[in-house]
Amino acid sequence: MTLTTDTQIPVTAGQVCERLAGVREELSVLARASFGSFTEADAGVVVAGVEQVTRAVEALQTQCAGGIDSGQAWSRGGYQSFAAWWSLHTHRRRSTSHATRMLARDLRERLPLTAQALTEGQLGLEHARVLARFTKSEGQRAQLEDEAMGEGFLVAAAGRMNAEDFTGVVKTWALRTDPGAGDRNWREQGATRELFVSQVLDGTDIRGWLGTEEGAVINTALDAVIGTPAAGDERTPAQRRADALVHLCRTFLDAGTLQPGARIRPHLAITIDYTTLERLLGATGPTCTPRDAFGQPTLSDANASGGGVVIPAGLDYDLLRGTAPATFADGTPIPHGQLTKLVCDGEFHRVIFGPEGEILDSGRTQRLFTPAQTRAVIARDRHCQYPSCTAPPGQGEIHHSIWWYHQGHTSTENAILLCWYHHTLVHQHHLSITAHPAHSPDQPRWWTFTDPHGQEITTIPPPTATHTPPPPTPPQRQ
């Protein structure tokens with residue numbers, strides 16, 4: 001009896017178990033081999049062979065799970081879920097059992113070439129999981145059918161790469177195929193962040209989960225504190241990270257209130273192609289800033305319609321389709337919405353490469369807002385301007401339109417102080433912010449926040465001065 005990958009041979013459970021017993025017995029014999037006596041060359045050949053057997057077992061397990069799931073044999077015993085039934089027979093966690101079932105279903109329903117490559121040993125289970133994870137959206141599923149850049153392209157890449165490099169390729173492919181899905185994943189990722197600091201009998205237990213950007217910020221800060229360990233430093237890397245975290249907290253507490261005019265932000269290196277930046281600008285739309293005959297900002301025309309300076313945060317994903325995403329220093333691609341948030345308070349350093357990769361020009365750093373402009377925005381807004389938030393400037397960032405690049409200048413007219421949390425929220429949920437003019441010199445401007453559907457989040461009216469008539473009541477949330 002020969003079992004092939006393209007056809008199913010009718011066999012009994014007893015025949016399958018008999019063959020499995022033979023495989024298990026042979027593996028038990030091989031496990032007693034004197035692996036320590038092999039030369040480096042021989043060890044490499046043996047390891048490659050073991051990997052092929054491992055892939056075959058992984059493919060067998062996936063096929064088994066998929067077949068039993070589709071045949072519904074597990075449900076006839078009264079079990080509420082496949083995961084419960086699978087865990088009973090494998091003694092694995094239910095979460096692991098559920099993941100096995102979902103992978104088998106993905107391979108069966110939308111990744112046939114991946115399933116075949118897994119069975120033939122061309123790729124491993126790690127590669128298959130990455131493919132299943134980042135090919136779920138409607139646009140990505142449609143792209144899988146493409147002959148040139150579809151599933152066949154990804155499977156071929158998996159056969160040439162390790163799991164880490166392949167993950168980067170698939171993430172980039174997914175963002176270029178469906179930019180909107182990347183931002184949705186970023187938004188969902190942010191909602192799952194958590195940190196637990198629990199006092200236990202002999203110390204403190206710290207556990208949690210953060211997104212890619214937040215993790216990069218923490219790693220950058222910890223690496224800056226750790227630096228290069230001294231020759232006599234016998235601490236483990238984990239111990240050095242723990243000490244660095246405590247050092248950061250102590251430094252912050254010892255410094256007291258942050259000085260807004262001299263704050264130093266964590267630096268994250270981001271690489272972005274010029275074409276991507278141009279498309280990002282086209283996908284966000286310009287800031288509507290009326291100007292007078294002398295070129296100075298004015299809100300008189302906007303006042304007639306009840307509006308003012310608008311800072312958009314939405315994106316037209318159709319214009320971004322096929323665009324190479326920006327990346328962090330380690331090559332991890334960045335969703336376009338997250339990129340717009342990062343460039344709000346960052347610096348650009350121009351590097352031009354020639355056709356052979358040589359550096360032709362390295363321009364100086366250009367800051368989006370000068371320190372003087374930053375201080376001016378802080379002096380004007382005083383605290384985070386998101387509705388009902390009073391976070392101080394030390395916890396804030398300057399949010400503005402990225403159309404400074406197109407207009408060639410920056411202006412405090414299209415800038416607003418937001419705390420870190422609400423700055424991220426504005427970009428994740430594509431909120432537009434409209435600035436409304438002050439009704440008198442001693443009254444501040446006020447803002448309205450609007451979602452992509454035009455629904456106003458809330459309105460912050462300016463306080464009424466005692467010596468001036470009350471301003472018109474702004475529209476309330478519907």
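Trainee: Let me start with one side chain: as what does arginine 184 count at 36% relative accessibility?

Mentor: Good place to begin, and keep in mind that this is a predicted model. A buried residue would have under 20% relative accessible area and an exposed one over 50%. Arginine 184 has a value of 36%, so it counts as partly exposed.

Trainee: With which residue does arginine 184 form a salt bridge?

Mentor: Look for a carboxyl oxygen within 4 Å of a side-chain nitrogen of the arginine. The closest N and O atoms of the pair are 3.8 Å apart. The partner has 10% relative accessibility, so it counts as buried. The salt bridge of arginine 184 is with aspartate 178.

Trainee: Which side chain meets arginine 207 in a salt bridge?

Mentor: Arginine 207 itself is exposed, because its relative accessible area is 53%. The N to O distance in its salt bridge is 3.1 Å. The partner, at 28%, is partly exposed. That partner is aspartate 205.

Trainee: And what is the N to O distance between aspartate 243 and arginine 235?

Mentor: Aspartate 243 is partly exposed at 38% relative accessibility, and arginine 235 is partly exposed too, at 34%. Their side chains meet in a salt bridge, with an N to O distance of 2.7 Å.

Trainee: Which residues do salt bridges that share partners join into one network?

Mentor: The whole structure holds 10 salt bridges. Some of them share partners, and these link one aspartate and three arginines into one network. Its members are Asp69, Arg101, Arg105 and Arg108.

Trainee: Which side chain of opposite charge is nearest to glutamate 151, which is buried yet has no salt bridge?

Mentor: Glutamate 151 is in helix H8. Beyond its neighbours within four places in sequence, its contacts include Leu111, Pro112, Leu144 and Asp146. A salt bridge needs a nitrogen of Lys or Arg within 4 Å of a carboxyl oxygen. For glutamate 151 the nearest side chain of opposite charge is 8.1 Å away, and it is arginine 110.

Trainee: Let's go to the interior. Which residues of the largest nonpolar core touch the most other members?

Mentor: This core has 23 residues. The elements giving two or more residues to it are H4, H5, H6, H8 and H9, and H6 gives the most, with five. The residues that touch the most other members are Leu123 and Phe166.

Trainee: Which elements do the buried residues of H6 pack against?

Mentor: H6 spans residues 125-133, and its buried residues are Leu125, His127, Ala128, Val130, Leu131 and Ala132. One of these, Ala128, is also in contact with leucine 123. The elements that the buried residues of H6 pack against are H2, H4, H5, H8 and H9.

Trainee: How many residues are in the second, separate core?

Mentor: You can find this core through Tyr386, Ile416, Ile433 and Trp447, which are among its members. For the chain as a whole, 36% of the 478 residues count as buried. The size of the second core is 16 residues.

Trainee: Now the outside: which element gives the most to the nonpolar patch?

Mentor: The patch covers about 390 Å² and is made by Val23, Leu27, Leu30, Val53 and Val57. Two elements give two or more residues to it: helix H1 (13-30) and helix H2 (40-71). Val53, for instance, is found in H2 and is partly exposed, because its relative accessible area is 39%. The element that gives the most, with three residues, is H1.

Trainee: Which loop holds histidine 91?

Mentor: Histidine 91 has a positive phi of about 60° although it is not a glycine. At 75% relative accessibility it counts as exposed. Its loop lies between H3 and H4.

Trainee: Where does glutamine 72 lie?

Mentor: Glutamine 72, also not a glycine, has a positive phi near 60°. At 33% relative accessibility it counts as partly exposed. Glutamine 72 lies in the loop between H2 and H3.

Conventions. Residues numbered from 1 in each chain as written. Predicted model: local features only at pLDDT ≥ 70, side-chain atom pairs only at ≥ 80, totals over all residues. Heavy atoms only, no water. Patch = residues over 30% accessible without salt bridge, like charges linked within 9 Å, V, L, I, M, F, W, Y side chains within 5 Å. Areas by Shrake-Rupley, 256 points an atom, 1.4 Å probe, with all protein chains shown as cover. Helix = DSSP H or I, 4+ residues; strand = E, 2+ residues; numbered from the N terminus. Buried < 20%, exposed > 50% of the residue type's maximum accessible area, 1.4 Å probe, protein only. Contact = heavy atoms within 4.5 Å. Lys, Arg positive; Asp, Glu negative; His and termini not counted. Core = buried A, V, L, I, M, F, W, Y, C linked by side-chain atoms within 4.5 Å.
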